[in-house]
Amino acid sequence: MVIIGIAFYLPFLIFGAFPYNTKINSNSDEMGQLLEGFESVDFYAMSEYLTESPEEIQREIHAFETWEGGKCRFCHAVKKEDRDRMAPTLYGIFGRPAGVGNNYTYSDALINMKTNGLIWTPETLDAFILNPSEYIPGNRMRVQGIEDPETRKLIVNYLMRESKPIKGE
Ligand code: HEC
């Protein structure tokens with residue numbers, strides 16, 4: 001029994017992920033309030049983040065999938081059709097309030113940031129991955145901060161390209 005109990009909570013201890021889902025989501029009224037002033041900004045249309053260079057795209061993939069301090073891909077889905085992983089999906093992350101993904105039970109820390117009006121933009125995402133535990137104290141993403149600005153930029157650019165939501169969804 002004890003062993004089963006430990007096995008059940010192991011993912012939580014290691015990854016900060018709950019082994020079950022109790023969906024916390026925001027209804028459309030709340031989303032409207034959270035996005036006030038942001039609803040018309042289409043971050044994905046900001047082409048400055050996108051490159052056509054195949055080498056550059058490879059570097060972005062490499063940064064997102066293999067960064068040593070914590071491979072983002074290991075914990076996060078990015079595309080709509082990706083299988084759910086242990087952390088919230090990053091599909092459509094830009095322009096989305098913090099803590100509203102519907103496949104994940106967020107920590108109070110993340111939910112407080114939602115209430116405080118944190119919206120994910122290239123800038124806030126960069127600041128978060130620079131130092132996750134300082135930017136959102138008490139959050140459950142156990143990942144080292146990424147000190148190299150170039151690596152952070154590659155990761156942000158990767159998400160700009162890959163997490164773009166399909167229109168109307
Ligand atoms: C060990 C697993 C793990 C890794 C690796 C990881 N994350 Fe996370 N991430 C999480 C968890 C768990 C949360 C939810 C935190 C909470 O609820 O406090 C999270 C939350 C987030 C959020 C907020 C999502 C939302 O809906 O508000 C973003 C953005 C994010 N991660 C980006 C990244 C990026 C970029 C990387 C790669 C540098 C990364 N994560 C690596 C586990 C991980």
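The following exercises, with worked solutions, concern a ligand site and two helices of the structure above.

The model is predicted, so local features need pLDDT of at least 70 and side-chain atom pairs count only at pLDDT 80 or more, while totals for chains, interfaces and linings use all residues. Residues are numbered from 1 along each chain as its sequence is written, and side-chain values use heavy atoms, with hydrogens and water left out.

**Exercise 1. The ligand shell**

Determine how many residues surround the ligand, and how they divide by class.

Solution.
- Step 1: The shell holds 27 residues, and the closest are Cys72, Cys75, His76, Ser107 and Met141. A residue is near the ligand if one of its heavy atoms lies within 4 Å of it.
- Step 2: By class, 18 shell residues are nonpolar, 6 are polar and 3 are charged. Ala, Val, Leu, Ile, Met, Phe, Trp, Tyr, Cys and Pro count as nonpolar, Asp, Glu, Lys and Arg as charged, and the others, Gly among them, as polar.
- Step 3: Helix 4 (72-75) and helix 6 (122-130) each supply at least two shell residues; helix 6 gives the most, with 3 residues. Helices are DSSP runs (H or I, at least four residues), numbered from the N terminus.

**Exercise 2. Side chains at the ligand oxygens**

Identify which polar side-chain atoms lie at an oxygen atom of the ligand, and state each distance.

Solution.
- Step 1: For Ser107, the distance from a polar side-chain atom to a ligand oxygen atom is 2.4 Å.
- Step 2: For Tyr106, the corresponding value is 2.6 Å.
- Step 3: For Trp120, a side-chain N or O atom is 2.8 Å from an oxygen atom of the ligand.

**Exercise 3. Helix 5 and Lys114**

Establish whether Lys114 is buried or exposed, and what surrounds it.

Solution.
- Step 1: Lys114 is found in helix 5, which spans residues 108-115.
- Step 2: Lys114 counts as buried because its relative accessibility is 5%; buried means under 20% relative accessible area (1.4 Å probe, protein chains only). Ala109, Leu110, Ile111 and Met113 of helix 5 are also buried.
- Step 3: Beyond its neighbours within four places in sequence, Lys114 is in contact with Ser26, Glu30, Leu34, Ala98, Gly99 and Val100. Contact means heavy atoms within 4.5 Å.
- Step 4: The buried residues of helix 5 pack against helix 2 (28-34) and helix 7 (132-135).

**Exercise 4. Arg152**

Locate Arg152 and list its contacts.

Solution.
- Step 1: Arg152 lies in helix 8 (residues 149-162) and counts as buried, at 10% relative accessibility.
- Step 2: Leaving aside neighbours within four places in sequence, Arg152 is in contact with Asp126, Ile129, Leu130, Ile146 and Glu147.

Technical notes. Buried means under 20% relative accessible area, exposed over 50%, partly exposed in between (1.4 Å probe, protein chains only). A polar contact is a pair of N or O atoms within 3.5 Å; within protein, one must be able to donate a hydrogen and the other to accept it, and residues adjacent in sequence count only if both atoms are side-chain atoms.
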